[in-house]
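Subject: Structure handover

Hello,

Here is the structure for you to load. My notes on it follow below.

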Amino acid sequence: MQRISPRIARTIVSSLTKTSRRHSFTTFAANPSLQKQPQKTIPCEFSKWASLGFYRSSSFASGFTPLQRKSLDSIMDVERAKHNSPEVLASVWDDYHIGRGHIGASMKAQLYRLLEQRASDCRYFVIPLWKGSGYSTMFAQVQLPHIIFTGLEDYKARGTQAAPYFTVTFYTEFAESKDLVLIRGDVVFTSKLTDSEAEWLMETTQSFYLNDSRYKLVERFNKETRNFEFKDVLRALNMPIL
């Protein structure tokens, strides 16, 4: 995790401590109506990946060093990819990353710029992650081109030394030419998160920064800590408040 200023650290811990007195972040009663999505299987699209010069090894995601950016040209042949449409490139990128602790996604360059603008002003947020019979809470640090997730309890115990569970990297190499930003997620601890949980976490966090209504909660968490209520996040996600 990146080092943050003592003032911000005190603000975050104050918010989390205050909220945790009202809600237990570790385990809640089960809600039968909330079912986890089945995990995707690894597609047999090797020829399609090869056509764009993707370099895929047989190793699973493990030992990822946070904030040590894996260059795009180490994943794919950037020059060859330039000759494909944004739609084809995004589709192959997504399929290529399915399974094995990797997540692939993409977004329009305009949305990335909005995310970048808002993240520069509000770097931190908390997201409840549904896990079987209840939910645990994840702490997100948005410092583009990265988003780092760790467990809230781990962050409260270890601060900036807490190990990340999941990291997200944004690649802007095609932002100008194709209006496309590629996104790669790496599950650091597969014992903590499944691929489907990591994908949901990534998409949900982005929604809080890109949706005007949800972003107000992010602003409140970062700027008006005393007025932040975790139950408002639960309501936004249609999760039970117990």
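How many residues lie between β2 and β3 in their hairpin, and which residue in the turn has a positive phi? There are two residues between these strands. The residue with the positive phi is G132, at about 70°. Please bear in mind that this is a predicted model.

**Strands**

Start with the pairing around that turn. Strand β2 covers residues 124-131. Strand β3 covers residues 134-143. The two are antiparallel, with eight bridges between them. One of the bridge partners is easy to locate: K131 pairs with G134 in β3.

Then follow β3 to its other partner. Strand β4 takes in residues 146-151. Six bridges join β3 to β4, and these strands also run antiparallel. Q143 has H146 in β4 as its bridge partner. Here again the connection is a hairpin, through two residues.

β3 thus pairs with β2 and with β4. Its burial is worth a look too. Nine of its 10 residues are buried, so β3 is largely enclosed by the rest of the structure.

**Aromatic rings**

Now the rings. The model has 12 aromatic pairs. In one of them, F125 and F221 have ring centres 5.9 Å apart and planes at 90°, so they meet edge-to-face. F125 sits in β2, while F221 belongs to helix α9, residues 212-223. The pair therefore ties together parts that are 96 residues apart in sequence.

Both rings belong to buried residues. The cut-off is under 20% relative accessible area. F125 is at 0% relative accessibility, so it counts as buried. F221 is at 2%, so it counts as buried as well.

F221 has another ring partner, F228. Their centres are 5.0 Å apart and their planes stand at 70°. Over 60 degrees counts as edge-to-face, so this pair is edge-to-face. F228 has 1% relative accessibility and is buried.

Put the pairs together and a cluster appears. Its members are F125, F208, F221 and F228, linked by ring pairs.

**Charges over rings**

Two arginines are worth displaying with the rings. R214 lies over the face of F208, 4.9 Å from the ring centre. F208 is itself one of the cluster residues. R118 lies over the face of Y215, at 4.5 Å from the ring centre.

Best wishes

How values were computed. Residues numbered from 1 in each chain as written. Predicted model: local features only at pLDDT ≥ 70, side-chain atom pairs only at ≥ 80, totals over all residues. Heavy atoms only, no water. Phe/Tyr/Trp six-rings, centres within 6.5 Å; stacked < 30°, edge-to-face > 60°. Helix = DSSP H or I, 4+ residues; strand = E, 2+ residues; numbered from the N terminus. Buried < 20%, exposed > 50% of the residue type's maximum accessible area, 1.4 Å probe, protein only. Lys NZ or Arg CZ within 6 Å of the ring centre and 35° of its normal. Pairing = 2+ DSSP bridges.
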